[in-house]
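User: I'd like a close look at one strand in this model and how its surroundings fit together. Could you walk me through it and then work outward to the rest of the chain?

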Amino acid sequence: MKLLIKRLENAKDLPIPKYMTSGSAGMDLYANVAETTIINPMEIKIIPTGISIALPQNYEAQIRPRSGLALKYGISFVNTPGTIDSDYRGEINLIMINFGNKPFIISRGDRIAQMVINKIEIPEIIEVDELDKTQRDRGGFGSTGL
């Protein structure tokens, strides 16, 4: 499988996404902000990454928060994980939110997200009148205990 990455014209100075260790599941994405950007507590902002990608059919890229930013500053994404479909060719933008209690500062080139590539199975969809019974059956939220 090959992942094609295009750096946009305004992001040629930024690194391309890369895995930080040989055991990393996600590659780091960088902030393509023209100037320092502040996300205040409970504020949502779109932060560009400066890249677009081309994935093979039946693959997706999941965009996830970096655990260190989540733990130390309360930084996450509104739609986590975000999904980049194999037919999307636009810039990857991040819908970031600050759940922390202090303003969060983003500078150009900061590592702000992880991108994980996954193979997707496309099932045959079959409508039925009944589903098989299971031990849990219709038990919803919290039905299996705390």
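Analyst: Let's start with strand E2, which is covered on both faces: Met27 and Leu29 are buried on one side, and Asp28 and Tyr30 are buried on the other. The general background is simple: side chains in a regular strand alternate between the two faces of the sheet. Keep in mind that this is a predicted model.

Who does E2 pair with? Its partner is E11, in the antiparallel sense, over four bridges. If you want a spot to check by eye, take Tyr30, whose bridge partner in E11 is Arg111.

Both of these strands feed the largest nonpolar core, which has 24 residues. Ile63, Ile92, Leu94, Met96, Ile106 and Met115 have the most contacts inside this core. At least two residues each come from E2 (27-30), E5 (51-54), E6 (59-64), E7, E9, E10 (104-106) and E11 (111-119). E11 gives the most, with four residues.

Leu94 is a handy way to get from E2 to the next part of the picture. Setting aside residues up to four places away in sequence, Leu94 touches Leu29, Lys45, Ile46, Ile47, Thr49, Ile63, Phe77, Ile112 and Ala113. Leu29 is one of the buried residues of E2 we began with.

Now for the sheet around E9 (residues 93-98), the strand that pairs with E4 in the antiparallel sense over five bridges. Lys45 has Met96 of E9 as its bridge partner. The whole sheet is open, with three antiparallel strands in the order E4-E9-E7. E4 (44-48) and E7 (75-77) are the edge strands, and each has a single partner, so one side of each has no neighbour in the sheet. From one strand to the next, the twist averages 40°.

E10, another contributor to the core, brings us to the aromatic rings. The count is one aromatic pair. The rings are those of Tyr73 and Phe104, with centres 5.3 Å apart and planes at 50°, so the pair is tilted. Tyr73 sits in helix H1 (residues 67-73) and Phe104 in strand E10, so the pair ties together parts that are 31 residues apart in sequence. The two rings' residues differ in exposure: Phe104 is buried, at 8% relative accessible area, while Tyr73 is partly exposed, at 43%.

Past E7, have a look at Pro81, in the loop between E7 and strand E8 (82-84). Pro81 is partly exposed, at 41% relative accessibility. Not counting neighbours within four places in sequence, Pro81 is in contact with Gln62, Ile63 and Arg64. Ile63 is also on the list of core residues with the most contacts. As for Asn32, Pro81 is 49 residues away from it in sequence and 20 Å away in space, C-alpha to C-alpha.

Zooming out, the protein chain has one helix and eleven strands, in the pattern β-β-β-β-β-β-α-β-β-β-β-β along the sequence. Its radius of gyration is 19 Å, well over the 15 Å that the globule rule gives for 146 residues, so the chain is more spread out than a compact globule. The C-alpha atoms fill a box of roughly 55 × 40 × 30 Å along the principal axes. Of the 146 residues, 33% count as buried. Among contacts between residues at least 6 apart in sequence, 69% join residues at least 24 apart.

Note on methods: Residues numbered from 1 in each chain as written. Predicted model: local features only at pLDDT ≥ 70, side-chain atom pairs only at ≥ 80, totals over all residues. Heavy atoms only, no water. Pairing = 2+ DSSP bridges. Axes fitted to C-alpha atoms, helices over the stretch in contact; angles between N-to-C directions. Core = buried A, V, L, I, M, F, W, Y, C linked by side-chain atoms within 4.5 Å. Buried < 20%, exposed > 50% of the residue type's maximum accessible area, 1.4 Å probe, protein only. Contact = heavy atoms within 4.5 Å. Phe/Tyr/Trp six-rings, centres within 6.5 Å; stacked < 30°, edge-to-face > 60°. Rg over C-alpha atoms; globule rule 2.2 N^0.38 Å.
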